[in-house]
Protein chains: 2
Amino acid sequence: MISGVPVSAPLVLSIDAMGGDRGPAAVLDGIALARRKYPDLHFLVHGPEAELAPLVKARRLKSCVTIRHATGVVTMHDKPAAVMRGGKDTSMWSTIDAVRDGAAQVAVSCGNTGALMAVSMLRLRKMPGVNRPAIAAFWPCKNPSGFNIMLDMGADVKAEARDLLTYALMGSSYARNALGLDRPRVGLLNVGTEEHKGHAELKIAAEMIGAMETAGGYEFVGFVEGNDLPGSRVDVIVTDGFTGNVALKTGEGTAKFAGELMREAFTSSLLSKLGALLASGALKRLKAKIDPRRVNGGVFLGLNGTVIKSHGGADATGVAAAIDLAARLAGLGFAERLAARVALASANGQDAASAEAGIENAK
Amino acid sequence: MISGVPVSAPLVLSIDAMGGDRGPAAVLDGIALARRKYPDLHFLVHGPEAELAPLVKARRLKSCVTIRHATGVVTMHDKPAAVMRGGKDTSMWSTIDAVRDGAAQVAVSCGNTGALMAVSMLRLRKMPGVNRPAIAAFWPCKNPSGFNIMLDMGADVKAEARDLLTYALMGSSYARNALGLDRPRVGLLNVGTEEHKGHAELKIAAEMIGAMETAGGYEFVGFVEGNDLPGSRVDVIVTDGFTGNVALKTGEGTAKFAGELMREAFTSSLLSKLGALLASGALKRLKAKIDPRRVNGGVFLGLNGTVIKSHGGADATGVAAAIDLAARLAGLGFAERLAARVALASANGQDAASAEAGIENAK
């Protein structure tokens, strides 16, 4: 999705082979795909050795894959608390621990979101200065890159004003690194753009985010509304995990519904079928442009380590996109940049700007 | 949108001619359109007499329109509190007062939503048993009618558990009357369908809504998610006004964005243009099917009187749709049915079911 970011070797990614809807074969297909773009990447792949070894061999991935044996699998129905208590033998746990131990820079899993966040919190711990970690995701919109970033997508159903400020800092750092923007525009999601609208908490958050503009290295555009999500007004949309999750699913559901209605229209008559046939090239290009697999990967921000949550139903293309994102973030040293940004911004504010700029522009 | 509901005469609607983006001419064009379907309807039209009289005359509406002179106009930028203090001379105030005084059964305005809700609250007062009134709107989806109903769309940014229960009662009464459903399926919007997810308040609300199923005359399907909004699982979606407003605008924005991408695709090459031409009949039918003007009208629920908020940018077709809805609700005696439902349900619960059924099925 983002082109030309140089990745420095040796980079190691920690990949959970289990827990996705399509099983370990799809994950290893994704690794094989991603390897074409990143030939120097190494993968720690977690799951039952007996199941994974033949899959690795069949794809000739032995030179770039190390299997980390783990017998247990976290299913989509497992409760996060149960996994935290008894999930030590799972591939998910092992995947996160490789980042914790410094064996890999970034972790990727297609598994159960709640469990993945719980295990990540438990094993990686929250970054200093962060009260509530967040899940950030790309949102298709009219920006030149085709995307903006929204957070929190559902790590926590609640967020106080200071959490929203942290989301602004983390989201803009992520936008700088993942979207290559110098000074991302940050907006706070509300029910109107006027100052008198919305919860009291949002007004306080707006003041706090506005005051941290320089130290945070972003431009604060104020309140934005739901219809700004697919627009071009902002690069980072800040909201609590409840609202973000509802908006994400509403947007996905609406887009899917629109696509179904369109398909119905094109198959409704012989003439429309012929029309669809003639326009098929353009429709295919459109489909490729908005293919959700291309932007597969919610990122957990605010932990001591980067974790990417791939869609549970991801196929090889989707897994490869998540690995692509992981490789770019690992290559940029994103975890360290993010930690520096949050630490310096929360430490004092304005004075931090120059010091942090040094760190983030060092590469 | 809904066919064949008999409307008993004499019905009088109170129409705010001012405050919409397209001015009073569009409103009177809408009245002229609606009159074809409802020849016996009478309209109290509020605004400056000198401006309205020629418009009424030009459309030959003198026999069905009575002008109620009001000099002031509430603009889209007026703050609700200011209108509550100094808005007595406005067409909006006059429009609501006609319902308050019993001169009309339902009020319709294209004006400023916040001001309209504030004036409606002040003049009509909350219905007994209602703590927070709500705005309900139709949402395009896969249900047989093509729509479900979502509330609150932004009357209040907050809602406690008992407010959400009231929304379930009001929303299902509205679905019975506006969508002609016997026993609407009610869902509570959350970030997951599992019981352990979401705010504590939502779990309490779910229990309360579940316990009132029989008295409320609805079926409670439990938690629903953002992607259920365009689906076919529910008829009534209950949420707080903050979440509802964000979801509404996200859905609208996404649908618009999808339409723009589609238009781009169809004009990208000569072949695709030809394809669009061949499919134009099917595309036009699709456009008509999802035309937002057809479902123009958010309804304020929980006041002593029915108020319909038409879209600010509504043209004649949009205004006519809002009037159509108003005429149907007036003809059904919706305000009384809703009040009876809320009063009986909040009074005791199970015992109320039979008594209320008598009232609602009396017509």
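This briefing walks you through a predicted model with chains A and B. Chain B superposes on chain A after a rotation of 180 degrees with 0.0 Å of shift along the axis, and the RMSD is 0.0 Å. In chain B, 11 strands form an open sheet, and a search of the whole structure finds 22 salt bridges over all chains. Let's take these topics in turn.

**How the two chains are related**

- As background, two copies of a chain are related by a rotation about an axis and a shift along it.
- Here the rotation is 180 degrees and the shift is 0.0 Å, which is the relation of a two-fold axis.
- To find the axis from chain B, look for B:Gly275: its C-alpha is the nearest one in that chain, 1.8 Å from the axis.

**The sheet in chain B**

- Strands of a sheet pair through backbone hydrogen bonds, and they can do so in a parallel or an antiparallel way.
- Across the sheet of chain B, the strands follow the order E3-E2-E1-E4-E11-E10-E5-E6-E9-E7-E8, with mixed pairing.
- The edges are strand E3 (65-69) and strand E8 (219-224) of chain B, each of which pairs on one side only.
- From one strand to the next, the twist averages 25 degrees.
- For a pair to trace yourself, try strand E1 (residues 12-16) and strand E4 (residues 106-109) of chain B, which run parallel and are joined by 3 bridges.
- Within this pair, B:Leu13 has B:Val106 of E4(B) as its bridge partner.

**An enclosed helix in chain B**

- Helix H4 (residues 91-100) of chain B is largely enclosed by the rest of the structure, because 9 of its 10 residues are buried.
- Among the buried residues of H4(B) are B:Met92, B:Trp93, B:Ile96 and B:Asp97.
- Just after H4(B) comes B:Gly102, which takes a positive phi of about 80 degrees.
- B:Asp97 has a relative accessible area of 14%, and buried means under 20%, so B:Asp97 counts as buried.
- B:Asp97 also forms a salt bridge with B:Arg123, with the closest N and O atoms 2.7 Å apart.
- B:Arg123 lies in helix H5 (residues 113-124) of chain B, so this salt bridge ties together parts that are 26 residues apart in sequence.

**More salt bridges to look for**

- One salt bridge joins A:Lys142 to B:Glu260, with 3.0 Å between the closest N and O atoms.
- This pair crosses between chains: A:Lys142 is in the loop between strand E5 (134-140) and strand E6 (147-151) of chain A, while B:Glu260 is in helix H9 (residues 241-266) of chain B.
- Both partners count as partly exposed, A:Lys142 at 43% relative accessibility and B:Glu260 at 23%.
- Within chain A, the side chains of A:Asp235 and A:Arg185 meet in a salt bridge with an N to O distance of 3.0 Å.
- That pair links distant parts of the chain, 50 residues apart: A:Asp235 is in the loop between strand E8 (219-224) and strand E9 (236-238), and A:Arg185 is in strand E7 (residues 185-189).
- A:Asp235 is buried, with a relative accessible area of 7%.
- A network of salt bridges links A:Arg132, A:Asp156, A:Glu160 and A:Asp163.

**A nonpolar patch on chain A**

- A:Leu271, A:Leu274 and A:Leu277 form a nonpolar patch on the surface, and together they have about 300 Å² of accessible area.
- A:Leu274 sits in helix H10 (residues 270-278) of chain A and is partly exposed, with a relative accessible area of 42%.

Technical notes. Residues numbered from 1 in each chain as written. Chains lettered and ligands numbered in written order. Predicted model: local features only at pLDDT ≥ 70, side-chain atom pairs only at ≥ 80, totals over all residues. Heavy atoms only, no water. Patch = residues over 30% accessible without salt bridge, like charges linked within 9 Å, V, L, I, M, F, W, Y side chains within 5 Å. Areas by Shrake-Rupley, 256 points an atom, 1.4 Å probe, with all protein chains shown as cover. Salt bridge = Lys/Arg side-chain N within 4 Å of Asp/Glu carboxyl O. Helix = DSSP H or I, 4+ residues; strand = E, 2+ residues; numbered from the N terminus. Buried < 20%, exposed > 50% of the residue type's maximum accessible area, 1.4 Å probe, protein only. Pairing = 2+ DSSP bridges. Axes fitted to C-alpha atoms, helices over the stretch in contact; angles between N-to-C directions. Least-squares fit on C-alpha atoms with pLDDT ≥ 70 in both.
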